[in-house]
Amino acid sequence: MLVNLKDLSLEGIEALIAGLGKERYRARQIMRWLYCHGASSFEEMTDLAKELRAELGRMARISSPEPLAEERAADGTRKYLFGLEDGNQVESVLIPDDSRLTLCISTQAGCAMGCRFCLTGRGGFARDLSSGEILDQILGVTKGLGPGERISNCVLMGMGEPLANYDNVKQALGIMATDLGCGLSRRRITLSTVGLIPQIKRLFAEGVPCRLAISLNATTQKVRSYLMPISRRYPLSTLLAACRSLPLPPRERITFEYVLIQGVNDSTEDARRLTRILRGIRCKVNLIPFNECPGILFRRPQEKTILRFQKVLLEAGYTTIIRESRGGTISAACGQLRVRIRGS
Ligand code: SAH
Ligand code: SF4
C-alpha cells in the first residue's frame with residue numbers, strides 16, 4: 001500500500017518532495033494542510049499545483065480518520081472508538097474540565113505489559129500504532145468538535161505502553177508539538193509509562209516534547225512486581241534512582257500515578273513508605289482509586305481509606321490529588337481519569 005503521509009516526519013515529506021524535484025518548503029505547506037486544516041485528500045491542498053497534487057497522489061495517500069462510534073456520558077466525557085485499517089480498534093477519551101479539553105489517546109492496540117489491574121493488559125497485545133494512527137486520534141476527534149472547541153491538552157494514557165512504541169510515539173509527539181502540526185506546547189502533553197527505564201532516559205536525552213508521568217502503584221518491590229510484571233525487569237529501587245538523576249527542566253515535576261487497590265497497596269504504612277521512597281524527587285502524586293471492571297477481582301478502597309492515604313502524603317508536603325474515573329459506564333476501558341482536587 002502507498003505510504004500514509006501522516007506516517008512521515010517533516011524530513012520524510014521533504015525527502016518525498018525532493019524526489020519529485022520540487023521546492024523543499026512545499027513540505028511545510030503539506031504539513032499545515034494535514035494537521036492545521038485536517039485535510040484528507042490532495043485536492044484540498046489548493047496552494048499546490050494540480051500537477052504536484054497528482055504526482056503526490058501516485059506516491060502517497062492520506063488516511064481519513066472517522067470514529068466508528070462515539071459515546072457521551074452525563075458528565076461531558078466523550079469516548080471514541082477508532083477502527084484501524086487492519087481491523088484492530090483503539091479508544092480515545094475527550095475530557096472537558098473548566099477551561100481545558102484534554103484528549104487521552106492510545107499508542108498501541110492492546111498492551112504487552114500485563115499489569116494485573118488493567119483491562120487493556122488483560123486483553124493482550126496486538127501491535128504498535130504508527131505515528132499517523134496516533135495523530136489521527138487527535139485529528140478525528142477535532143473534526144467532530146463544536147464551534148469554539150479545541151483540544152488543549154493531550155495525555156498518552158489510553159491503550160498501550162507508549163515507551164514500548166518509542167520511535168512512533170517520538171515522531172508523533174514531535175509533530176503534535178510544532179506549529180506545523182497540532183500546535184500543542186510541550187507542557188500540554190503528558191506521557192504516562194509503566195516505567196521502562198532506558199526509554200525514560202532517552203526521552204530526556206533526545207528532548208522529546210512531553211511531561212513525564214510514571215505509574216508507580218506500589219511501595220515495595222514485592223507488591224509492585226505482583227501488580228506489574230515489568231517491575232521484575234526494572235526494579236522499583238532502580239526506577240526511583242533513575243528518576244532522581246533525570247535532567248528535569250526547571251520548575252517541572254514528575255507525576256507519579258498510584259492506583260489505590262483495596263487491601264493490596266492502600267494501607268497507611270504504604271502511604272508512609274511512599275513519602276519516604278519519593279523523598280528527593282521533584283514530583284507530585286496522583287492517586288487513582290481502582291476503577292472496578294468486569295473480570296478483575298480487585299476492589300476500590302473505601303472513601304475514608306483513600307482520604308487517609310492522601311492526608312499522609314499531604315502532611316509530608318507532597319502535592320497529591322485524587323483522580324476519579326470519568327464518564328461513568330463509558331470510561332471503563334480507558335485508563336484516563338479526571339482530575340478532581342479534594343480537600344485535605
Ligand atoms: N501504559 C501506560 C499508560 C496507559 S495506562 C501506563 O501504564 O502508565 C494509564 C493509567 O491508567 C496508568 O496509570 C494505570 O496504572 C491506570 N489504570 C489502568 N487500569 C486501571 C484501573 N482499572 N483503574 C484505575 N486506573 C487504572
Ligand atoms: Fe499496559 Fe499501562 Fe495497562 Fe500496564 S497499566 S497493562 S502498561 S496499559
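**Exercise 1. The chain as a whole**

What percentage of the 344 residues in the chain do the buried residues make up? Work that out, then decide how the overall size of this predicted model compares with a globular protein.

*Solution.*
- Step 1: start with burial. Buried residues come to 54% of the 344 in the chain.
- Step 2: list the secondary structure. The chain has twelve helices and 15 strands.
- Step 3: check the size. The radius of gyration is 21 Å, close to the 20 Å from the globule rule for 344 residues, so the chain is as compact as a globular protein of that length.
- Step 4: get the box. Along the principal axes, the C-alpha atoms fill roughly 70 × 40 × 35 Å.
- Step 5: look at the contacts. Of those with a separation of 6 or more, 64% are between residues 24 or more positions apart.
- Step 6: finish with surface and charge. About 15,100 Å² is exposed, with carbon and sulfur atoms supplying 51% of it. The 49 positive and 35 negative charges have mean positions 8 Å apart.

**Exercise 2. Helix α2 and what surrounds it**

Find out how enclosed α2 is, and by what.

*Solution.*
- Step 1: count. Eight of the eleven residues of α2 are buried, so this helix is largely enclosed by the rest of the structure.
- Step 2: name them. They are R26, A27, Q29, I30, M31, W33, L34 and Y35.
- Step 3: find the cover. It includes α1 (10–19), α3 (50–59), α5 and α6.
- Step 4: check what comes after. G38 follows α2 and has a positive phi, near 65°.
- Step 5: look ahead of the helix. E23 sits in the loop between α1 and α2, and at 36% relative accessible area E23 is partly exposed. Its C-alpha lies 43 Å from that of V194, 171 residues apart along the chain.

**Exercise 3. From α6 into the core**

Trace the buried residues of α6 (residues 166–176) and follow M176 into the largest nonpolar core.

*Solution.*
- Step 1: list the buried residues of α6: Y166, V169, A172, L173, I175 and M176.
- Step 2: bring in some helix geometry. An α-helix has 3.6 residues a turn, so residues three or four places apart point the same way. Try that on the spacing of Y166, V169, A172 and L173, which are among the buried residues here.
- Step 3: identify the cover. Among the elements over these residues are α2 (26–36), α5 (131–143), β9 (153–156), β10 (189–193) and α7 (197–205).
- Step 4: move to the core. It holds 104 residues, and M176 is one of those touching the most other members, along with L5, I254, F256 and L278.
- Step 5: list the partners. Leaving out residues up to four places away in sequence, M176 touches I105, I134, L135, I138, C154, C182, G183, L184 and I189. Another core of six residues lies apart from the largest one, with I95, C104, V155 and M157 among its members.

**Exercise 4. Three loop residues**

Sort M159, D98 and N217 by burial.

*Solution.*
- Step 1: take M159, in the loop between β9 and α6. The cut-off for buried is under 20%, so M159 at 16% counts as buried. Beyond four places in sequence, its contacts include Q89, V90, E91 and S106.
- Step 2: take D98, in the loop between β5 (89–97) and β6 (100–104). D98 is exposed at 85%, and its phi is positive, near 45°.
- Step 3: take N217, between β11 (211–215) and α8 (221–227). N217 is buried at 3%, and has a positive phi of about 70° although it is not a glycine.

Key: Residues are numbered from 1 along each chain as its sequence is written. Chains are lettered from A and ligands numbered from 1 in the order in which they are written. This is a predicted model: local features need pLDDT of at least 70, side-chain atom pairs count only at pLDDT 80 or more; totals for chains, interfaces and linings use all residues. Side-chain values use heavy atoms; hydrogens and water are left out. Helices (H or I, at least four residues) and strands (E, at least two) are DSSP runs, numbered from the N terminus. The radius of gyration is taken over C-alpha atoms; the globule rule is 2.2 Å times the number of residues to the power 0.38. Buried means under 20% relative accessible area, exposed over 50%, partly exposed in between (1.4 Å probe, protein chains only). Contact means heavy atoms within 4.5 Å. Accessible areas come from the Shrake-Rupley method with a 1.4 Å probe; for residues, only the protein chains shown count as cover. Lys and Arg count as positive and Asp and Glu as negative; His and the chain ends are not counted. The place of a charge is taken as NZ of Lys, CZ of Arg, CG of Asp or CD of Glu. A nonpolar core is a set of buried Ala, Val, Leu, Ile, Met, Phe, Trp, Tyr and Cys residues joined through side-chain atoms within 4.5 Å.
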